[in-house]
Amino acid sequence: MAASESRKNASSSASETPQPPRNYGITKPIFLSGPSQSDRQRNIELEKFLVDSGLYESKDEAAKREDVLGCIGQIVKDWVKQLTRQRGYTDQMVEDANAVIFTFGSYRLGVHGPGADIDTLCVGPSYVNREEDFFIILHDILCEMEEVTELQRVPDAHVPVMKFKFQGISIDLLYASISLLVVPEDLDISDESVLCNVDEQTVRSLNGCRVADQILKLVPNVEHFRTTLRCLKFWGKRRGVYSNVTGFLGGVNWAILVARICQLYPNANPSMLVSRFFRVYTQWRWPNPVLLCSIEENELGLPTWDPRKNPQDRFHHMPIITPAYPCMNSSYNVSVSTLRVMTEQFHHGNRICEEIELKKSQWSALFEPYLFFEAYKNYLQVDIVADDADDLLAWKGWVESRLRQLTLKIERDTSGMLQCHPYPKEYTDASKPCAHCAFFMGLQRKEGVRGQEGQQFDIRGTVDEFRLDVNRYGFWKPGMDMYVCHVRRKQLPPFVFPDGYKRSRLSRHISQQDEGTYEEPSGPTERHIRRKINPKIEDTRPSELEKQTSISPLRVESVSPESIAGISGGTPNPSFSNGGRLECLPTGGNSGGQLESVKGTVVPVGLVENVVRESIAENESTAMCASEFPTVQKPSEEGKELVHPSAISFSESKETCQIEINGDRVGNVVLVDRKNMETDSTGSVLNWTEGAIDVDQELVKPCSQTMGVENAEGVLKSTSSNRNLNCEVSFSI
């Protein structure tokens, strides 16, 4: 009896012992303490700012979304029953035939805002295919419905999708055919059995929903995660780094990055999480991956992200790994140039958050828009035109999806010396007679590297190769045209500015400047802005050197889609530039799985994060040991001299290039030859004059003809069937 009582007391005391907190993710948290009173006050201010910014939809709009999803669900059920009947199945099969609608993306995560699209997935039976049944038959059904507008199919996308608006609500609809004759209404999409006997496109389509569900399971506080993610998505859009298609980060990328911060700070409120987001990712050592959970293998044998086994995975610049099997890199679109831009923006956000914590700034300062057209001196302008709005919608979507390839090709053909900043926003000139939109890329020489005197970047062959790729569009129609040209900042068209004209240089936001100490000019006529000078850096430019030209591949003549159909072979391989690469080598018979860096240091694969946690955890009670994480190193570039941007001088001279349209000369554009040019982190040219700096002096006279749609308008009217503008994209910076 006594022994029984003692066992009861022991079990009772054991149940009262506090259990250790659950660890989320693959490592222990950095900081376990909750918010202070100041953190709570900042959180109240942050949430008020988000509400005032209109990031939350109304109850009426939420109800309308539910109704629209119900209508689409009924449409796909009727569509599957119709196909089942037409293919001669029994009456019972027709009655049981079914398709189910799932949501994913921002809507599934609960962070969508007013006017946001709904990412949806239709799961159908094995005998209903994507190529014909979904993209043709269902497309035609939707096309005949009055509620459906702006219908667009994108079958060649990495994840094939059909886009449209239903009663004014934007819908992105995917399709997945699973290996079942009858799809149950209560299908558990998180079960890995749904991945059996399906193709890679179907796996990617299914994983959108599976990843969203897994993310919500892996964060300690879902509401704090949602508020933080909503905030950072808004920030990414304001700063021009929210776009998966152009090589930045999309919705799932931001969700995984935020979820990892939630795991590292499980008791933090949203205001703390936003600050820690920038603090961590400014110190993150890419290409070490961001992981929410361990990468697991499965008997299905589907390919997963693993740089030890897959050579192509070693070239990913910013791996953000999805948490659902099969684990993939969701940010494979990121290039060297876009990673550079995002890193700069993370540093900018970190500085603003530090000022907010010191009560020197407000939350509104964090969300100041990025002044893209004041950040560079040189731009590529990509004009897209079509006969009507419907054709432009389809054509624009295709061209936009290929812009990332143009960034990669420029990096490759200039050996990474010419950096591109694609801006994920389209601009429209309403004064044009045809349907039109334009995209822009900022151009600058690679920072920290002393270039050849007067080095010229000739990317005509690169642009021709890009045009050749774009011309492979399978649904091309007469009137669909694209024009690529180089413009300087003074030549930018008025429609890119909010008020229709360029703002004064004195109104440039000081937050764009990333380096040095500045003094604002005392008057409108004062052009000099002073910078602290490093006395150790000397101007060592030679007195005179000959021009050096960066050679692009042999120019490829542009052809129409009709003629390209008969061409054998493939497009040139858009490989990366010859810069540093992630080198991960298998180490043979190591049973535990090892990752070997280029220097031969063997480290455990299970822990592949590399964060300088001591510096992150400064002034915080709990720090993590950086030695827990291996370093995946890039090869160093021998003989590379890192020079402070302000140590470079340059001079300018004029040079012209001819603009041709199908061999006919249209006009000349003045090109700038900047000797030993260097820029600061915002793209501004720094020109030394005895200890002072002339910032962005326009030393070259306006060119004789402004490029873009304005120049080609006359040609468009007379030769509407022309498909190619052979612009001489050759310039010196």
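Two strands count as paired here if DSSP finds at least two bridges between them. Keep that in mind as you open this predicted model and begin with a pair of neighbouring strands.

**Stop 1: a five-stranded sheet**

Select residues 161-166, which are strand E4, and residues 169-177, which are strand E5. The two run antiparallel and are joined by five bridges. To see one of these partnerships, pick Lys163 and look across to E5, where its bridge partner is Asp172.

Now widen the view to the whole sheet. It is open, has five strands in the order E1-E2-E5-E4-E3, and its pairing is mixed. At the edges you will find strand E1 (100-104) and strand E3 (148-154). Each has a single partner strand, so one side of each is left without a neighbour in the sheet. Turn the sheet and follow its twist, which averages 25° from one strand to the next.

**Stop 2: the helix across that sheet**

Next, select residues 59-86, helix H3. Helix H3 lies across E1, strand E2 (118-124), E4 and E5, and runs at about 35° to E5.

Add helix H6, residues 130-143, which packs against H3 at an angle of about 120°, with the two axes 11 Å apart. Which residues make the contact? From H3, show Ile75, Val76, Trp79, Gln82 and Leu83; from H6, show Asp133, Phe134, Ile137, Leu138, Ile141 and Leu142. H3 and H6 are therefore oblique to each other, and their crossing is right-handed.

**Stop 3: another helix pair**

Move on to helix H10 (residues 270-281) and helix H11 (residues 336-357). Their axes are 8 Å apart and the packing angle is about 135°, so this pair is also described as oblique. Here H10 passes H11 in a left-handed crossing. Display side chains at the meeting point: Val274, Ser275, Arg276, Phe277, Phe278, Arg279 and Tyr281 in H10 meet Phe346, Gly349, Asn350, Cys353 and Glu357 in H11.

**Stop 4: a four-stranded sheet**

Now go to the open sheet whose four strands are ordered E7-E8-E6-E10, with antiparallel pairing. Which strands are at the edges? They are strand E7 (418-422) and strand E10 (481-488), each pairing on one side only. The twist in this sheet averages 25° from one strand to the next.

Zoom in on E7 and strand E8 (residues 435-445): five bridges join these antiparallel strands. Pick Cys420 and you will find it opposite Leu443 in E8.

Then select Asn378, in strand E6. Is Asn378 buried or exposed? With a relative accessible area of 2%, under the 20% cut-off, Asn378 counts as buried. Show the side chain of His486 as well, and look for the polar contact of 2.9 Å that joins it to the side chain of Asn378.

**Stop 5: the helix over the second sheet**

For the last stop, select residues 389-413, helix H13. Helix H13 lies across strand E6 (378-386), E7, E8 and E10, and runs at about 150° to E6.

Within helix H13, click on Lys396. Its relative accessible area is 14%, so this lysine is buried too. What surrounds Lys396? Leaving aside its neighbours within four places in sequence, Lys396 is in contact with Ile384, Glu426, Cys437 and Phe439. Show those four side chains together with Lys396 to finish the tour.

Note on methods: Residues are numbered from 1 along each chain as its sequence is written. This is a predicted model: local features need pLDDT of at least 70, side-chain atom pairs count only at pLDDT 80 or more; totals for chains, interfaces and linings use all residues. Side-chain values use heavy atoms; hydrogens and water are left out. Axes are lines fitted to C-alpha atoms, for helices over the stretch in contact, and angles run from 0 to 180 degrees between N-to-C directions. Contact means heavy atoms within 4.5 Å. Buried means under 20% relative accessible area, exposed over 50%, partly exposed in between (1.4 Å probe, protein chains only). A polar contact is a pair of N or O atoms within 3.5 Å; within protein, one must be able to donate a hydrogen and the other to accept it, and residues adjacent in sequence count only if both atoms are side-chain atoms. Angles under 35 degrees count as roughly parallel, over 145 as roughly antiparallel, 65 to 115 as roughly perpendicular and the rest as oblique. A crossing is left-handed if the near helix is turned anticlockwise from the far one by less than a right angle, and right-handed if clockwise.
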